[in-house]
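Got your viewer open? Let's take a walk through this model, one selection at a time.

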Amino acid sequence: MTSATTMTAALAPVHREQLMTLAREVSYAAGSRMFEEGRRADRFWIVRTGTVALDLHVPGRRPAVIETLGHGELIGWSWHYPPYLWHLGAEATSPVRAWEFDAEAVRAMCVADPEIGRAVAVWVGRVVAQRLHACRVRLLDIYAPYGAGDLL
């Protein structure tokens, strides 16, 4: 978990309060699929308790777990960028309680208030960068020959 990508670290209190007006409490049992790669991204979540594995479909293999998310982490960024399709899949690896947000309502809030719109865009951009890095590291773990060297 990268603290710079949690909602608490990324958003000012006033922006968190605005965003939380759109939150709905949800829960998922361990083993539940939250979303599938390639399907419509119409919501996102902030983990309250539990853990969620982000995975990538690998033909002929089990999905590769890219990252495991926990308390305060954003689940899903594809809702923020057209064409609004999930780039990864997600599964609850333990019982999960989360705040769920309707993507269309959040996007409308961001358009109506450019200040929160910018804050959310920067936050989601940081999450995307961190997830792409995690994906690269994980895929190198899986496919690179032994001793392929450091990333940097």
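Start by selecting Arg 107 and Tyr 84: the charged end of Arg 107 sits over the ring of Tyr 84, 3.9 Å from the ring's centre. Keep in mind as you look around that this is a predicted model.

Stay on Tyr 84 for a moment. You'll find Tyr 84 in the loop between strand 6 and strand 7. Is Tyr 84 buried, partly exposed or exposed? With a relative accessible area of 24%, Tyr 84 counts as partly exposed, because buried would mean under 20%. Now check its backbone: Tyr 84 has a positive phi of about 60°, even though it is not a glycine.

Next, step back along the chain and select Pro 82 and Pro 83. Look at the peptide bond that joins them: it is cis, with omega near 15°. Pro 83, too, lies in the loop between strand 6 and strand 7.

Now for the rings. How many aromatic pairs does the structure hold? There are seven. Select Phe 35 and Trp 45 to see one of them: their ring centres are 5.7 Å apart and their planes meet at 5°, so this pair is stacked. Colour the strands and you'll see Phe 35 in strand 2 (residues 33-35) and Trp 45 in strand 3 (residues 43-49), so the pair ties together parts that are ten residues apart in sequence. Switch on a surface and check both partners: Phe 35 is buried, with a relative accessible area of 7%, and Trp 45 is buried as well, at 1%.

Another stop is Phe 44 with Trp 79. These two also form a stacked aromatic pair, 4.2 Å from centre to centre with 15° between the planes. Which parts of the chain does this pair link? Phe 44 belongs to strand 3, while Trp 79 sits in the loop between strand 6 (74-75) and strand 7 (89-92), 35 residues apart. Both Phe 44 and Trp 79 are buried.

Before leaving the rings, select Tyr 28, Phe 35, Trp 45 and Trp 86 together: they form one aromatic cluster.

Time for a cartoon view. Look for an open sheet of four strands in the order 1-8-3-6, with antiparallel pairing. Which strands stand at the edges? They are strand 1 (24-28) and strand 6; each has a single partner strand, so one side of each is left without a neighbour in the sheet. Zoom in on strand 1 and strand 8 (residues 96-102), which pair in the antiparallel sense over five bridges. Here, Glu 25 stands opposite Trp 99 in strand 8.

Now bring helix 3 (residues 103-112) into view. This helix lies across strand 3 and strand 8, and runs at about 55° to strand 8.

Finally, zoom out to the whole protein. There are four helices and eight strands, and from the N terminus the order is α-α-β-β-β-β-β-β-β-β-α-α. The radius of gyration is 16 Å, close to the 15 Å that the globule rule gives for 152 residues, so the protein is as compact as a globular protein of that length. Turn the C-alpha trace along its principal axes and it spans about 50 × 35 × 30 Å. Buried residues make up 41% of the 152. To end, try a contact view: among contacts between residues at least 6 apart in sequence, 77% join residues at least 24 apart.

How values were computed. Residues numbered from 1 in each chain as written. Predicted model: local features only at pLDDT ≥ 70, side-chain atom pairs only at ≥ 80, totals over all residues. Heavy atoms only, no water. Phe/Tyr/Trp six-rings, centres within 6.5 Å; stacked < 30°, edge-to-face > 60°. Helix = DSSP H or I, 4+ residues; strand = E, 2+ residues; numbered from the N terminus. Buried < 20%, exposed > 50% of the residue type's maximum accessible area, 1.4 Å probe, protein only. Lys NZ or Arg CZ within 6 Å of the ring centre and 35° of its normal. Pairing = 2+ DSSP bridges. Contact = heavy atoms within 4.5 Å. Axes fitted to C-alpha atoms, helices over the stretch in contact; angles between N-to-C directions. Rg over C-alpha atoms; globule rule 2.2 N^0.38 Å.
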